[in-house]
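Work through these exercises with the model open beside you. Try each task before reading its solution.

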Amino acid sequence: MLLDLKTVFQSELLSIRHGIARPSPDGARSVDCETADLVLLPIKGVFAKHDGPRQHFIANPSHAILLGTGQPYSISFVDDIGDESLVLDFAPAVLAKMLTETVAMQDFSSSSLAAHCLLSPASVLNRELLWRHLRQAVVDRLAVEEISVAVLTGSVQAACVDGRMQDRARHSLTMARRRQQVEAVKELVSLHPGHEWTLTSLAQHANTSPFHLARVFREEVGVPVHRYVIRRRLGKALEAMQASTDLTAIAHETGFVSHSHFTSSFKSVFGVTPSQSRQRLAVY
């Protein structure tokens, strides 16, 4: 197999690699063995993952593959098409905590966790959204982390063969504790919306894990953490627009990576650009 693998994102929470794989000219198939638990997300093409003699699984962009530490496998290609994939590598301690909270497991080696799964439609869309974010000239780190957590959670839940484990983990924290964690994050973001937040830093403040925070924040508030941060930044921008006409300066002061990011975020929320909003308010 010919493999071109490149790191496209790196943070305290995880690293993401983009890989393009093609069959080798001689058709040889080497056996691989990962040194960490990884999530493989095909984005193009099709391939077969072989876990042993006469044990293989056909993967395409509708699937996720959980590559467990120390578990040998090999890859072959269907009609020499090859494939293109994202590889998500989460920090070991964080991954272990997320698995414990989500499916009451410690790693990918559990017999109750399948080595591959069919993704839900929501997870497929999240994977595509993640890939779009990673191709941007300026990457929104919080958005990438949060979407990665959602994809991982969806993949693990789909691969879990015992739904009762999910139920036990889901009720491990009380609703009151969840609300305390969410409100702590809302307070911090409200006070410092322009800060370059990460899921890890926000979770540390709330004394929880990034995975748990991403899940419960969306359930309690109705929007992901990164969208809440953007809404708060836009609120500060609207205040600033009352006293200043320099939209580029306002964008940077309120935490947006560029004027274009500010404009697109403003329009997605309010339906008009900042300039159009100013003109509309001037009429009144």
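**Exercise 1. Two helices that cross**

At what angle do the axes of helix H5 and helix H8 cross, and within what distance do they come?

*Solution.* This is a predicted model. Start by finding H5 at residues 175–191 and H8 at residues 225–241. Their axes come within 9 Å and cross at roughly 35°. Next, take the handedness: the crossing of H5 and H8 is right-handed. Then list the residues that make the contact. H5 gives Lys-186, Val-189 and Ser-190. H8 gives Tyr-228, Val-229 and Arg-232. Last, sort the residues of this H5–H8 contact by class: three are nonpolar, one is polar and two are charged.

**Exercise 2. A second partner for H5**

Find the angle at which H5 packs against helix H7, and name the residues in contact.

*Solution.* H7 covers residues 210–221. H5 and H7 pack at about 95°, and their axes are 10 Å apart. Angles from 65 to 115 degrees count as roughly perpendicular. Therefore H5 is roughly perpendicular to H7. On the H5 side, the contact is made by Met-175, Arg-178, Arg-179, Gln-181, Val-182, Val-185 and Lys-186. On the H7 side, the residues are His-212, Leu-213, Val-216, Phe-217, Glu-219, Glu-220 and Val-221. By class, the H5–H7 contact has seven nonpolar, two polar and five charged residues.

**Exercise 3. The setting of Leu-202**

Is Leu-202 buried or exposed? Give its helix and its contacts too.

*Solution.* First, place the residue: Leu-202 lies in helix H6, residues 199–206. Now check its relative accessible area, which is 0%. Buried means under 20%, so Leu-202 is buried. Then look beyond its neighbours within four places in sequence. There, Leu-202 is in contact with Val-185, Leu-188, Val-189, Trp-197, Leu-213 and Val-225. Finally, compare chain and space. Lys-186 is 16 residues from Leu-202 along the chain, and their C-alpha atoms are separated by 9.6 Å.

**Exercise 4. An enclosed strand**

How many residues of strand E8 are buried? State which strands pair with E8.

*Solution.* E8 spans residues 73–77. Five of the five residues are buried, so E8 is largely enclosed by the rest of the structure. Now split them by direction. Tyr-73, Ile-75 and Phe-77 point one way from E8, while Ser-74 and Ser-76 point the other way. In a regular strand, side chains alternate between the two faces of the sheet. Turn to the pairing. Strand E3 (residues 31–32) joins E8 in the antiparallel sense over two bridges. Here Val-31 has Ser-74 as its bridge partner. Strand E5 (residues 47–52) also pairs with E8 in the antiparallel sense, over four bridges. Ala-48 stands opposite Ser-76.

**Exercise 5. A sheet and its helix**

In what order do the strands of the six-stranded open sheet run? Name the helix that packs on this sheet.

*Solution.* The order is E1-E2-E9-E4-E7-E10, and the pairing is antiparallel. Look at the ends: E1 (2–10) and E10 (116–118) are the edge strands, each pairing on one side only. Neighbouring strands are turned by 25° against each other on average, direction ignored. Take one pair as an example. E7 (residues 63–67) and E10 share three bridges in the antiparallel sense, and Ala-64 has Cys-117 of E10 as its bridge partner. Now add the helix. H3 (residues 141–159) packs on the sheet, touching E1, E2, E4, E7, E9 and E10. Its direction makes about 95° with that of E10.

Definitions and conventions
Residues are numbered from 1 along each chain as its sequence is written. This is a predicted model: local features need pLDDT of at least 70, side-chain atom pairs count only at pLDDT 80 or more; totals for chains, interfaces and linings use all residues. Side-chain values use heavy atoms; hydrogens and water are left out. Axes are lines fitted to C-alpha atoms, for helices over the stretch in contact, and angles run from 0 to 180 degrees between N-to-C directions. A crossing is left-handed if the near helix is turned anticlockwise from the far one by less than a right angle, and right-handed if clockwise. Contact means heavy atoms within 4.5 Å. Ala, Val, Leu, Ile, Met, Phe, Trp, Tyr, Cys and Pro count as nonpolar, Asp, Glu, Lys and Arg as charged, and the others, Gly among them, as polar. Angles under 35 degrees count as roughly parallel, over 145 as roughly antiparallel, 65 to 115 as roughly perpendicular and the rest as oblique. Buried means under 20% relative accessible area, exposed over 50%, partly exposed in between (1.4 Å probe, protein chains only). Two strands pair if DSSP finds at least two bridges between them.
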